[in-house]
Amino acid sequence: MNKEILFTAIRAALEAGAAIMKVYTDPNADFEIEKKADNSPLTLADRKSHAVIAAHLAETPYPLLSEEGAKTAWEIRKEWPELWIVDPLDGTKEFIKRNGEFTVNIAYVKEGVPEAGVIYIPVKQELYFADCSLGAYKVSHISQLEANTLEELIARSERIPYEKRHTPSDTFLIVASRSHLTPETEAYIRKMEEKYPKVETVSKGSSLKLCLIAEGNADVYPRFAPTMEWDTAAGHAIIRAAGKEVYHAETMQPLTYNKENLLNPWFIAE
């Protein structure tokens, strides 16, 4: 995609992360937790992050589909060949638990395919960004955008997947959800234990699981529990740019986006 537009998405993610951290670190904040229709939590930080991202992305040519924004009817969305799919605060449960494992997710999707993505981890001050024509990158120790161009930011980034894995190379590493370890996932883990001599699992919240796959620091992420398109689109784009894929668990076809039903099928990222 256009480099300036990707740079706008990166700026949006960083500024949204700053807005989230103001709430997260406020000793007097009660997070203003509400329950959405599906009984999932919504906080003041979700709303503030959405407002920041929506303002930035309004400067671009593409419409916005956000978890916290107004839901656009399928009759309108199906006419969108390109769009943003955003989760302003992925891992709200982790945010409420104060374990730091929450992210800002911004994805650019073209004809159902995630072509570019940005994931920011506010607590760790780690930024992932990718475009399928440019590759995938990670920047550490970043809380604001000091670079003036995307090229400058790439120059201070690490290309992913890493050339050398940071986790034990003799171990088949399965990454699983911090909050949604299902019986089907446990069965999958047992199956891998029969196939590989040494298998370990690591639990992470939010889209951090997809980031581990993109880095090459985990081998597979099986997700046999419900997720929505905004949960995975940004991570999927980064994984694709890193030379990997997220597959429908039954058909083994890549996941697609901006569907009539925004619920993802079960999937395997590897």
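What covers the buried residues of helix α6 includes four strands: β10 (172-177), β11 (199-204), β12 and β14. Keep in mind that this is a predicted model, and let's use that helix as our way in.

Helix α6 runs over residues 183-195, 13 residues in total. From its first C-alpha to its last it reaches 19 Å, close to the 18 Å expected at 1.5 Å a residue. Which residues of α6 are buried? They are Thr185, Tyr188, Ile189 and Met192. Look down the axis of α6 and you'll see these buried residues fall within an arc of 100°, so they line one face of the helix. Now turn to the face that points away from that buried side: there you'll find the exposed residues Pro183, Lys191 and Glu194.

Next, take a look at the strands that help cover α6. β10 is mostly covered itself, with six of its six residues buried. Its link to β11 is made of six bridges, and the two strands run parallel. To pick out one of those pairings, start at leucine 173: its bridge partner in β11 is glutamate 200.

The other two covering strands, β12 and β14, take us to an open sheet. How many strands form it, and in what order? Three strands do, in the order β12-β14-β13, and the pairing is antiparallel. At the edges sit β12 (221-223) and β13 (246-248), each pairing on one side only. Neighbouring strands in this sheet are turned by 20° against each other on average, direction ignored. Zoom in on β13 and you'll see three bridges joining it to β14 (residues 267-269), the two running antiparallel. Within that pairing, tyrosine 247 has isoleucine 268 of β14 as its bridge partner.

Finally, hop over to helix α1 (residues 3-24), where phenylalanine 7 has its place. Is phenylalanine 7 buried or exposed? Its relative accessible area is 2%, and buried means under 20%, so phenylalanine 7 counts as buried. What is it in contact with, leaving aside its neighbours within four places in sequence? The answer is Leu145, Ala147, Asn148, Thr149, Leu150 and Leu153. Take Thr149 from that list of contacts: threonine 149 and phenylalanine 7 are 142 residues apart along the chain, yet their C-alpha atoms are separated by 7.2 Å.

Notes
Residues numbered from 1 in each chain as written. Predicted model: local features only at pLDDT ≥ 70, side-chain atom pairs only at ≥ 80, totals over all residues. Heavy atoms only, no water. Pairing = 2+ DSSP bridges. Axes fitted to C-alpha atoms, helices over the stretch in contact; angles between N-to-C directions. Expected span 1.5 Å × (residues − 1). Buried < 20%, exposed > 50% of the residue type's maximum accessible area, 1.4 Å probe, protein only. Arc of directions from axis to C-beta. Contact = heavy atoms within 4.5 Å.
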